[in-house]
Amino acid sequence: MKTGLLRRLARFLRPYAVQLTILPFLLVATNLLALAAPLLSGWAVDAVGIEAGKVDFPGVFRSCAGMLACYGLSALLNYIVAARLIQVGQAVSHDLRKAAFDRMSELPVEYFDTHPAGDLISRICYDVDTVNATISTDLLQIGTSALTVAGSFVMLLLISPRLTLVFFVTVPLSTVLTSFQMKRVHPLFRLRSKKLGALNGFAEERIDRQRAIRTYGVEEADLRQFEAYNSEASEAYYQADRASAALGPSVNFINNVSLAAISMFGAVLYLGGSLTLGSLSSF
């Protein structure tokens, strides 16, 4: 199902293939610059040294200037990538909404008798907005995270292969925890979309039938039904957002464990003379 969905979405991404091909190269450059800055920071720390009166000021200034240039160029390129992805996301959303509306205008009347109007509205509005958020935000975050992880791992191996062994414990632990939580999160978000469609459908139908509802005096029954739909949609939103919100703190906890382990074993390596203070700072 996911493969078929991606194949259908690719049809709408094809007109923007040139932009989507260039952006990954800019994203790689952005992350390489961001990864080079901590290395320069370590060089600056080594230039300062630990002995009084023996600071290599030219080396410190060169490293700091390099850090400033890396962060500045990285921020500029990241802004360009983010802005272009937002433009592509909005353009694809426009095309999707138009295609969905055109398709609806061709469907037989029987289709609308068996499908709630609110569900159709939810697909055109909410689901298309989800696709837009995926293209404009999630793609950037996923690409940045993947490149940062890969680039950081290479640089960590270059700085200290022995200290990198810490991540052979924490990274698999983080992966297992994330996979376990995502198995819980995905069904909750699907349920949230379903409940929102049911609420929209009920509200749209009742708005169209206000005259009949008041004529027969069933306002109280309608209010009770709406309250039930509304409560279910709110509960679905709460459960999905709560499960999603728990993902970040869990990963951050493992990151903090990694930092604690690096600080402890890095200090041992530094005291043993196999790691400089600047290298430990970069790591």
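A helix here is a DSSP run of H or I that is at least four residues long, and the helices are numbered from the N terminus. With that in hand I placed Asn 230, which sits in helix H9 (residues 219-245). I keep in mind throughout that this is a predicted model.

**Entry on Asn 230**

I looked up how much of Asn 230 is open to the probe and found a relative accessible area of 28%, which makes the residue partly exposed. I then took the span from Asn 230 to Leu 280, which are 50 residues apart along the chain, and their C-alpha atoms are separated by 54 Å.

**Entry on Asp 222**

I stayed in helix H9, because Asp 222 lies there as well. Is Asp 222 buried or exposed? Its relative accessibility is 12%, and since buried means under 20%, Asp 222 counts as buried. I next asked which residues Asp 222 is in contact with once its neighbours within four places in sequence are left aside. I noted Phe 202, Arg 206 and Ile 213 as the answer. As a distance to go with these contacts, I recorded that the C-alpha atoms of Asp 222 and Ala 203, 19 residues apart along the chain, are separated by 9.9 Å.

**Entry on the aromatic rings**

Phe 202, which I had just met as a contact of Asp 222, also belongs to an aromatic cluster that it forms with Phe 226 and Tyr 229. I looked up how many aromatic pairs the structure holds, and the count is five. One of them is formed by Phe 57 and Phe 61, whose ring centres are 6.2 Å apart and whose planes meet at 35°, and this pair is tilted. I wrote down both values because a pair of aromatic rings is described by the distance of the centres and the angle of the planes. Why are Phe 57 and Phe 61 separated by about one helical turn? The two residues are four residues apart in helix H3 (residues 57-106), so about one helical turn separates them. I checked their accessibility too, and both Phe 57 and Phe 61 are exposed.

I also looked for a charge over a ring and found Arg 192 lying over the face of Tyr 237, at 4.4 Å from the ring centre.

**Entry on the cysteines**

A disulfide is a covalent bond between the sulfur atoms of two cysteines. I searched for such bonds and the structure holds zero disulfides. Cys 64 is in no disulfide, and the cysteine sulfur nearest to its own is that of Cys 70, 12 Å away. Cys 70 is likewise in no disulfide, its nearest cysteine sulfur being that of Cys 64. The cut-off for a disulfide is 2.5 Å between the sulfur atoms. On accessibility I noted that Cys 64, at 39%, counts as partly exposed, whereas Cys 70, at 11%, counts as buried.

**Entry on Arg 14**

I turned to the loop between helix H1 (2-13) and helix H2 (17-48), where Arg 14 lies. With a relative accessibility of 56%, Arg 14 counts as exposed. From there I took the distance to Glu 219, which is 205 residues away along the chain, and the C-alpha atoms of the two are separated by 50 Å.

**Entry on the whole chain**

I counted the elements last, and the protein has eleven helices and zero strands. For the overall dimensions I noted that the C-alpha atoms fill a box of roughly 90 × 40 × 35 Å along the principal axes. The radius of gyration is 27 Å, whereas a compact globule of 283 residues would have one near 19 Å. Buried residues make up 28% of the 283 residues. I also recorded that, of the contacts with a separation of 6 or more, 81% are between residues 24 or more positions apart. The protein exposes about 18,200 Å², and carbon and sulfur atoms supply 68% of that area.

Key: Residues numbered from 1 in each chain as written. Predicted model: local features only at pLDDT ≥ 70, side-chain atom pairs only at ≥ 80, totals over all residues. Heavy atoms only, no water. Phe/Tyr/Trp six-rings, centres within 6.5 Å; stacked < 30°, edge-to-face > 60°. Buried < 20%, exposed > 50% of the residue type's maximum accessible area, 1.4 Å probe, protein only. Lys NZ or Arg CZ within 6 Å of the ring centre and 35° of its normal. Rg over C-alpha atoms; globule rule 2.2 N^0.38 Å. Contact = heavy atoms within 4.5 Å. Areas by Shrake-Rupley, 256 points an atom, 1.4 Å probe, with all protein chains shown as cover.
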